[in-house]
Amino acid sequence: MMISDLPHHLLEEILSRVPATTLKRLQPTCKQWNALLKDQIFTEKHHRKAPKQPLLLMLKEFRVCPVSVEINLSVTAPSIEFKDPFDIKGSPSSSQQVNIVEVIHCEGLLLCITEYNKLVVWNPFLGETKWIQASSHYKKKSSFALGYKNNKSCRDYKILRYWQSCKSEDQVVEFEIYELSSDSWRFLDGISLDYYIHASGWVSLQGNTYWVGSERKDKDSSIFLLSFDFTTERFRRLNLPPVLPTMKLSLFREEQISGLHMNYFPLKMDLWVTTNFGTEAAALSWSKSFTVDLHVLEERYPMFTTFLLDEDKIHKKVVVCPGLVGRDTKNVVYIIGEDNEYHTEIPYVRSTQKPWWPRIFNYVPSLVQIQQ
């Protein structure tokens, strides 16, 4: 008996546990499988059960590209066909160079924001894109988040646009929601937010977005974790590790939230990880993973935009991406081991003198289709 001769429910159960990259190669071989991989109920089941195979991506020189950090930071031949969304037929930017200044990752989809505030949702694995018309109420220096409403059978992806005054005493905050399914923007009413959202550090996990937040009225108050639930469309305040004035966020194994805290006196970096995310606990539990003495980098005041924490049974390490890349900065990514047992500077080549903010993150290939 061939696998295609199995009962439909058994075939679906088997394929839901096969990595997305493998299924993509098998897709053209059978019409039944091809139809199954486009079924929303199956893709949601596959998302829950299939093993994750992250691909390392970097926002480099205003483009998103797959990279390797094993020997040197270089563009690699990825396990998926990787197409630039701005080179795809139908792109409204085909007549000019469009630069990506920010990229937001949410479980298989990327939201790319350009320097001219154009938005495009992109699934690099499937090669699908959707250009988003900016809201008529758009304000300069708006920020964005990507998430989804958690339905049992499928996910309804949404974009949150928010604008906030830079003045601590000014509590004017504006929110809009864009729904991919209806292709429309609407104001998010009934929310009074007395917090300041730190746009420099955020993650998306299980469809919701998390930022570092602080009190607007009290500049000396402790920071905290601020979440936005795309199902209820409401904010929630959560705890961070105690007595930390600043923190950057990342994902750990796509299951927990990790945090990086910089201390300049003495010069060190603390790495933290949640241990009970996704449970019904009222408060998040944080555990310090390890501390890095940053004197090994021979930089007086290092600044990092993004980081990735990695642990196995033997070693712990962190990959950190330095801040603004300019004319006189070092073009490197650092890999630092626990207890400073090793550290590596991985250089990369620059082809432009224009300053840009690099970002490094894990992308998990997904069968989720973009709602057109």
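A salt bridge here is a side-chain nitrogen of Lys or Arg within 4 Å of a carboxyl oxygen of Asp or Glu. E233 and K158 meet that criterion, with their closest N and O atoms 2.8 Å apart. E233 sits in the loop between β14 (224-229) and β15 (234-238), while K158 belongs to strand β9, so this pair ties together parts that are 75 residues apart in sequence. Both E233 and K158 are buried. Elsewhere, salt bridges with shared partners link E12, E13, R17, K45 and K49 into one network.

The model is a predicted one. Its chain has 372 residues, and 51% of them are buried. The secondary structure amounts to four helices and 24 strands. Consider the contacts between residues at least 6 apart in sequence: 53% of these join residues at least 24 apart. The accessible surface of the chain is about 18400 Å², and carbon and sulfur atoms account for 51% of that area.

Back to the charged pairs. The structure holds 16 salt bridges in total. One of them joins R155 to E107, with 3.1 Å between the closest N and O atoms. R155 lies in strand β9 (residues 155-164), and E107 lies in the loop between β4 (100-106) and β5 (109-114), so the contact ties together parts that are 48 residues apart in sequence. Are these two partners buried or exposed? R155 has a relative accessible area of 6%, so R155 is buried. E107 stands at 14% relative accessibility; the cut-off for buried is under 20%, so E107 counts as buried too. Strand β9 thus appears in both of the loop contacts described so far, through R155 and through K158. A further salt bridge pairs the side chains of E61 and K60, at 3.2 Å from N to O. E61 and K60 are both buried.

Now turn to the strands on either side of E107. β4 and β5 belong to an open sheet of four strands, in the order β4-β5-β6-β7, with antiparallel pairing. β4 and β7 (128-132) are the edge strands, each pairing on one side only. From one strand to the next, the twist averages 20°. Between the antiparallel strands β4 and β5 there are six bridges. V103, for instance, has C112 in β5 as its bridge partner.

Which elements give two or more residues to the largest nonpolar core? They are β4, β5, β6 (119-123), β8 (143-150), β9, β10 (173-179), β12 (195-205) and β14. The sheet just described therefore contributes through β4, β5 and β6. This core has 33 residues, and the members that touch the most others are L111, I159, L160, W211 and F235.

I159 deserves a closer look. Leaving aside residues up to four places away in sequence, I159 touches L111, V121, I132, F144, A145, L146, E176, I177, Y178, L180, W185 and F230. One of these contacts, L111, is itself among the members that touch the most others in the core.

There is also a second core, separate from this one. That core has 24 residues, including C30, W33, L37 and Y363.

Note on methods. Residues are numbered from 1 along each chain as its sequence is written. This is a predicted model: local features need pLDDT of at least 70, side-chain atom pairs count only at pLDDT 80 or more; totals for chains, interfaces and linings use all residues. Side-chain values use heavy atoms; hydrogens and water are left out. Buried means under 20% relative accessible area, exposed over 50%, partly exposed in between (1.4 Å probe, protein chains only). Two strands pair if DSSP finds at least two bridges between them. Axes are lines fitted to C-alpha atoms, for helices over the stretch in contact, and angles run from 0 to 180 degrees between N-to-C directions. Contact means heavy atoms within 4.5 Å. Accessible areas come from the Shrake-Rupley method with a 1.4 Å probe; for residues, only the protein chains shown count as cover. A nonpolar core is a set of buried Ala, Val, Leu, Ile, Met, Phe, Trp, Tyr and Cys residues joined through side-chain atoms within 4.5 Å.
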